[in-house]
Amino acid sequence: MDENSAILFEETQSRTSKATIQFFRTVAVIVFAALALNLFLQKGKTTEFSYLLITVLTILIVLNFLLPFNLITQIRTDGIYVRFPPLQPSFVKFYWADVSEVYVRNYDALSEYFGYGIRISPQGTGYIVAGDTGMQIIFKNGNKVLVTTQKPAEIIEILKKIGMV
């Protein structure tokens with residue numbers, strides 16, 4: 001049971017496209033340049049426009065940190081590993097020895113898990129990014145975890161190969 005176990009399946013999902021992230025980064029660079037030019041032309045004196053640019057730049061910087069959230073799912077020889085950077089710097093590990101059942105199912109993010117992200121609900125913990133299909137993990141102690149997937153057929157195939165379905 002270690003992080004060096006063989007990876008049988010890996011999926012990275014994001015709610016935000018790379019084009020959207022690049023757009024916000026480009027706009028942030030333009031706003032930063034406008035702020036620098038404004039401060040240069042005003043000889044370092046801040047104006048209401050300077051404060052507006054600083055506010056917009058701050059919002060864009062925050063968005064640049066919040067938008068690129070990815071969900072990384074790995075099925076390994078010793079279990080299922082899930083990571084939601086930057087919220088989770090390391091993987092959460094669900095070892096096969098603790099799992100009683102795992103299968104792919106449809107879900108409704110809003111009614112079952114009340115949104116997207118790492119969610120805790122009456123249905124259990126959810127790692128919810130996009131779509132309506134997830135890998136349901138039920139543990140021997142009764143706890144449940146749902147991890148979204150865009151590759152349900154591949155997960156089913158891997159689970160069959162390792163004898164979990």
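**Architecture and local contacts of the predicted model**

From the N terminus on, the elements of the protein follow the order β-α-α-β-β-β-β-α-β-β-β-β-α. The model described here is a predicted one. Its secondary structure amounts to 4 helices and 9 strands. The radius of gyration is 21 Å, well over the 15 Å that the globule rule gives for 165 residues, so the protein is more spread out than a compact globule. Along the principal axes, the C-alpha trace spans about 70 × 35 × 25 Å.

Of the 165 residues in the protein, 40% are buried. The accessible surface comes to about 9,500 Å², and carbon and sulfur atoms contribute 61% of that area. Among contacts with a separation of 6 or more, 54% are accounted for by residues 24 or more positions apart.

The first two helices were examined next. Helix α1 covers residues 18–41 and contains Phe40. Phe40 has a relative accessibility of 64% and therefore counts as exposed, since the threshold for that class is over 50%. Together with Leu37 and Leu41, Phe40 makes a nonpolar surface patch of about 370 Å². In the loop between α1 and α2 lies Lys43. The phi angle of Lys43 is near 55 degrees, a positive value in a residue other than glycine. Lys43 is exposed, its relative accessible area being 78%.

Helix α2 comprises residues 48–66 and includes Ser50. In contrast to the exposed Lys43, Ser50 has a relative accessible area of 0% and is therefore buried. The side chain of Ser50 is joined to that of Asn38 by a polar contact of 2.5 Å. When neighbours within four places in sequence are left aside, the contacts of Ser50 are with Leu35, Asn38, Leu39 and Lys45. Asn38 thus appears both as the polar partner of the Ser50 side chain and in the list of residues in contact with Ser50.

A second buried position is found in strand β2. This strand covers residues 70–76 and contains Thr73. Thr73 has a relative accessibility of 1%, and it counts as buried because this value falls under the 20% limit. Not counting residues up to four places away in sequence, Thr73 touches Phe9, Glu10, Glu11, Ile80, Tyr81, Met135, Val147 and Thr148. One of these partners, Met135, has a number that falls within strand β8 (133–139).

The structure holds 2 salt bridges. In one of them, the side chains of Arg105 and Glu112 meet at 2.9 Å, N to O. Glu112 has a relative accessibility of 16% and so counts as buried. The number of Glu112 places this residue within α3 (109–113), and the loop between α3 and β6 (117–121) holds Phe114. Phe114 is not a glycine, yet it has a positive phi of about 60 degrees. A positive phi in a residue other than glycine is also found at Lys43, in that case near 55 degrees.

The other salt bridge joins the side chains of Glu157 and Lys161 at 3.7 Å, N to O. Glu157 and Lys161 are 4 residues apart in helix α4 (residues 152–161), and they are therefore separated by about one helical turn. Glu157 is partly exposed, with a relative accessible area of 46%, whereas Lys161 is exposed, with a relative accessible area of 62%. The pair in α4 thus combines a partly exposed residue with an exposed one, while in the bridge to Arg105 the acidic partner, Glu112, is buried.

Gly131 lies in the loop between β7 (124–128) and β8 (133–139). With a relative accessibility of 44%, Gly131 counts as partly exposed. Residues up to four places away in sequence being left out, Gly131 touches Tyr107 and Gln150. Gly131 and Lys161 are 30 residues apart along the chain, and their C-alpha atoms are separated by 25 Å.

Definitions and conventions:
Residues numbered from 1 in each chain as written. Predicted model: local features only at pLDDT ≥ 70, side-chain atom pairs only at ≥ 80, totals over all residues. Heavy atoms only, no water. Patch = residues over 30% accessible without salt bridge, like charges linked within 9 Å, V, L, I, M, F, W, Y side chains within 5 Å. Areas by Shrake-Rupley, 256 points an atom, 1.4 Å probe, with all protein chains shown as cover. Salt bridge = Lys/Arg side-chain N within 4 Å of Asp/Glu carboxyl O. Helix = DSSP H or I, 4+ residues; strand = E, 2+ residues; numbered from the N terminus. Buried < 20%, exposed > 50% of the residue type's maximum accessible area, 1.4 Å probe, protein only. Rg over C-alpha atoms; globule rule 2.2 N^0.38 Å. Contact = heavy atoms within 4.5 Å. Polar contact = N/O pair within 3.5 Å; in protein donor to acceptor, adjacent residues only side chain to side chain.
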